[in-house]
There are 2 protein chains.
Amino acid sequence: MKSAMRIGELGQSTGVDIETIRYYEKTGLLKNPERSSNGYRAYGPEHLERLSFIRHCRALDMPLADIKRLLEFVENPAADCGGIDQLISTQLSRVRARLKSMRALEQQLTALRNSCDTNHSASECGILHELVAAAQGETCACHRNAPSATTPDPPSDKRHKE
Amino acid sequence: MKSAMRIGELGQSTGVDIETIRYYEKTGLLKNPERSSNGYRAYGPEHLERLSFIRHCRALDMPLADIKRLLEFVENPAADCGGIDQLISTQLSRVRARLKSMRALEQQLTALRNSCDTNHSASECGILHELVAAAQGETCACHRNAPSATTPDPPSDKRHKE
DNA sequence: CTTGACCTTGGAGCAACTACAGGGTGTGTA
DNA sequence: TACACACCCTGTAGTTGCTCCAAGGTCAAG
């Protein structure tokens, strides 16, 4: 019982901001650590492991709620793992869908950027013209060059549901 | 002056949620429309055009702040357009960077998913083993198969700065 | 005995919406 | 005329995953 780390050390060894660690604790992802006499958080190796696990999952872009579920499986190894597979597959489709629209997006932006070559006034700027035309539904360079999708997908910042 | 639309119509014809329209107004992206005697918002064709412009830019995943700047160029066509080019280029690099890490991510998830084949208990689940191993820094299928990046990039939900 | 690095809590703020409560308006129909 | 119902209004709070801040406690070195 000498390996107890304080939050700063844990942050250092995992590369995680201490505010983020406290946030994980607050939201129940990371277990409440012991406290030393002065009230400081005292972490053991199990916390380091768990935090690394969380970060690895986050690097896979999984939502915290999913990570929480995975952690439950880790805690409870007797449970049926069907859910895990499901969870990863869902994440994979999310990523693939996003990837697809990102590719279209890149094409469009590239086309757009190519329509502005030199310094001139905004009224002569190809980019601006393209954007305005696009808004009016006319063919624009970005749509001409785009693979198939007319508009990749309406902003889709709704990863937090569905 | 009979083409005035109410918010519902504008939403319908652009495919934008009315809450979102009001949000755009509140944050200054969309100009305050006239109000009819009953206090309802009365939009003209210029609003429709502007809103379409915004949505097209959002479909290109541009942050609202950037769109605001673009709109200023639209309003003020005499300005030098150097900034526009810059803006699009920045957006393009953002997208490309994200694309790159998403590709690595897809690889990793694919590898992960392949390590779970049938129904069994969590303690025997390949996915879970891989994840735990990965967290411990050991080689795991996802890292073995990944192209170059060990970890694609720490969550990087910090697009709102840098 | 003060400086400085570290730790504590609670709360606010970021993007870009989304949802809701609690109310007003306006049209169609019984 | 009464009522339902679709639409509109405002304002506020919630979402995700952090990030930052203020105001203060702890502890070792100089």
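**Two tyrosines and DNA strand C**

Q: Does B:Y24 count as buried or exposed?
A: The relative accessibility of B:Y24 is 3%. Buried means under 20% relative accessible area, exposed over 50%, and partly exposed in between (1.4 Å probe, protein chains only). So B:Y24 counts as buried.

Q: At what pLDDT do side-chain atom pairs count in this predicted model?
A: Residues are numbered from 1 along each chain as its sequence is written, while chains are lettered from A and ligands numbered from 1 in the order in which they are written. The model is predicted; side-chain values use heavy atoms, leaving out hydrogens and water, totals for chains, interfaces and linings use all residues, local features need pLDDT of at least 70, and side-chain atom pairs count only at pLDDT 80 or more.

Q: How are the rings of B:Y23 and B:Y24 arranged?
A: Rings of Phe, Tyr and Trp (its six-membered ring) pair if their centres lie within 6.5 Å; planes under 30 degrees apart are stacked, over 60 edge-to-face, the rest tilted. Here the centres are 6.1 Å apart and the planes lie at 45 degrees. So the pair is tilted.

Q: How far is the side chain of B:Y24 from a phosphate oxygen of DNA strand C?
A: A polar contact to the strand is a pair of N or O atoms within 3.5 Å. An N or O atom in the side chain of B:Y24 and a phosphate oxygen of DNA strand C are separated by 2.9 Å.

Q: Which helix gives the most to the surface near DNA strand C?
A: A residue is near the strand if one of its heavy atoms lies within 4 Å. Helices are DSSP runs (H or I, at least four residues), numbered from the N terminus. With four residues, the top contributor is helix 2 of chain B.

Notes. A polar contact is a pair of N or O atoms within 3.5 Å; within protein, one must be able to donate a hydrogen and the other to accept it, and residues adjacent in sequence count only if both atoms are side-chain atoms. Helices (H or I, at least four residues) and strands (E, at least two) are DSSP runs, numbered from the N terminus.
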